[in-house]
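Subject: A structure for you to explore

Hi,

Here is the structure I promised to pass on to you. Have a look around it, and then read my notes below.

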Amino acid sequence: MALQAQTGATKYIRFQKGTRVAYGALVGDDVSELTGDFLKGGKPTGTKHKLKDVKLLAPVAPGKVIAIARNYQSHLGKIPPPPRPEMFYKPVACICGPDDAIVLPKDSTEVHYEGELVAVIGKKLKNATKAQAAAAVFGITCGNDVSERQWQGGPDKDIQWWRAKGSDTFGPLGPWVVTGVDYSKLMLRTRLNGKVVQEQSTAELIYDIPTMIAFTSKYVTLEPGDVVYTGTPGTTKKMAPGDVVEVDIEGIGVLGNPVKGE
Ligand code: MG
C-alpha cells in the first residue's frame with residue numbers, strides 16, 4: 001500500500017471505531033482498514049468500514065509540528081517577503097481532528113482562523129537538498145493554524161507563540177492525507193459559516209514546500225509523521241462560539257471544525 005501511494009492518489013486516514021484507533025485507506029465512502037500506520041507500510045487487512053461509521057482523527061500523530069509565517073504576499077500586504085523561511089513550532093498538543101471543536105480559551109479576545117496546506121513528512125531528513133525534501137513529502141492535507149492575535153502581536157504579546165498558536169485545539173488537521181498529487185498549484189479556500197473568506201492558489205507560496213522543508217532540516221531532523229503548515233493567504237478574521245470554519249483544498253478535501261467557548 002505504501003508503494004502504491006507513491007504512484008497514484010490515495011487518501012489515508014486515522015480513525016476511531018468504538019475505543020479502537022486504526023489506520024485506513026479511503027476509496028469513495030469505503031474505508032479499507034490497514035494493518036498499521038500507512039507511514040510504516042500498513043497493508044489492507046481485508047476489513048472494510050463505511051466512512052460514516054468511523055470517527056476521523058487527525059490523520060497523523062506528529063512528533064513535530066513545523067509552521068511558517070509570512071508566506072503569501074497577500075497576507076503580508078506591503079511588508080516585504082522575509083529573507084528566509086520564517087519557521088516556527090506549534091506544539092503537538094494543539095493538534096485536533098476533523099469536526100473537533102476549536103475551543104476559545106476563556107481570556108482570549110481575538111482568535112483567527114488560518115487555512116493552510118499541510119505537508120506530511122514520510123522520510124527522516126537532515127540537511128536535505130530541495131530534491132531530497134520534495135522526495136520526502138509523503139502527502140498533503142489541510143490544516144488550520146488557529147491564532148490568537150493579541151497574544152501573537154498585541155501590546156501584551158508573549159516572547160513565543162506558545163499559546164497564541166499553541167493553545168489546545170489550535171491545530172486542526174485532516175481530514176485525510178492525500179498522496180500522489182501535484183501540490184504546487186491547488187486552490188485553497190477557507191469558509192466561515194459557509195462564506196468564502198480566504199481564496200488563493202498554493203502557487204502563490206513565497207517559499208515552496210521543498211524549500212521550507214530543506215531549510216528546516218538544516219537545524220532540525222524531520223521524521224515520518226512530522227507536519228509542516230505552509231502559511232496562510234490573504235486576511236483573516238476573528239471567530240466566535242457557534243461559528244463553523246472549513247478549510248477546503250482542491251483535490252484534497254474539506255477540514256471542518258465548529259468553534260466553541262471554553
Ligand atoms: Mg499560519
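Let's start with the charged pairs: there are 13 salt bridges in the structure. Please keep in mind that this is a predicted model.

One of these bridges joins E33 and R20, whose closest N and O atoms are 3.0 Å apart. The two residues are 13 apart in sequence and sit in separate strands, E33 in β3 (residues 30-34) and R20 in β2 (residues 20-27). E33 has a relative accessible area of 7%, so it counts as buried, because the cut-off for that is under 20%. R20 is partly exposed, at 42% relative accessibility.

Strand β3 also takes part in a second bridge, this time between D30 and K50, at 2.7 Å from N to O. K50 belongs to strand β4 (residues 44-50), and 20 residues separate the pair along the chain. Both partners are partly exposed: K50 has 42% relative accessibility, and D30 has 33%.

A further bridge connects the side chains of K52 and D53, at 3.4 Å from N to O. Here K52 is exposed, with a relative accessible area of 71%, whereas D53 is partly exposed at 39%.

Next, a network. Salt bridges link K90, E114, D145, R149 and K165. Is K165 buried or exposed? With a relative accessible area of 2%, K165 is buried. Its place is the loop between α4 (149-153) and β14 (171-179). The K165 side chain makes polar contacts with the side chains of D145, at 2.8 Å, and E114, at 3.3 Å. Among the other residues that K165 touches are F88, P91, C94 and F170.

Now for a sheet. Five strands make up an open sheet with mixed pairing, in the order β9-β19-β18-β15-β16. Which strands stand at the edges? They are β9 (102-104) and β16, and each has a single partner strand, so one side of each lacks a neighbour in the sheet. From one strand to the next, the twist averages 20 degrees. Within this sheet, β18 (residues 244-249) and β19 (residues 253-261) pair in the antiparallel sense over six bridges. You can find D248 opposite V254 in β19.

Finally, look at V197 in edge strand β16 (residues 195-201). V197 counts as buried, at 16% relative accessibility. Its contacts include Y113, L192 and T235. By comparison, A133 is 64 residues from V197 in sequence and 31 Å from it in space, C-alpha to C-alpha.

Enjoy exploring!

Notes
Residues numbered from 1 in each chain as written. Predicted model: local features only at pLDDT ≥ 70, side-chain atom pairs only at ≥ 80, totals over all residues. Heavy atoms only, no water. Helix = DSSP H or I, 4+ residues; strand = E, 2+ residues; numbered from the N terminus. Buried < 20%, exposed > 50% of the residue type's maximum accessible area, 1.4 Å probe, protein only. Contact = heavy atoms within 4.5 Å. Polar contact = N/O pair within 3.5 Å; in protein donor to acceptor, adjacent residues only side chain to side chain. Pairing = 2+ DSSP bridges. Axes fitted to C-alpha atoms, helices over the stretch in contact; angles between N-to-C directions. Salt bridge = Lys/Arg side-chain N within 4 Å of Asp/Glu carboxyl O. Lists of a residue's contacts leave out its neighbours within four places in sequence.
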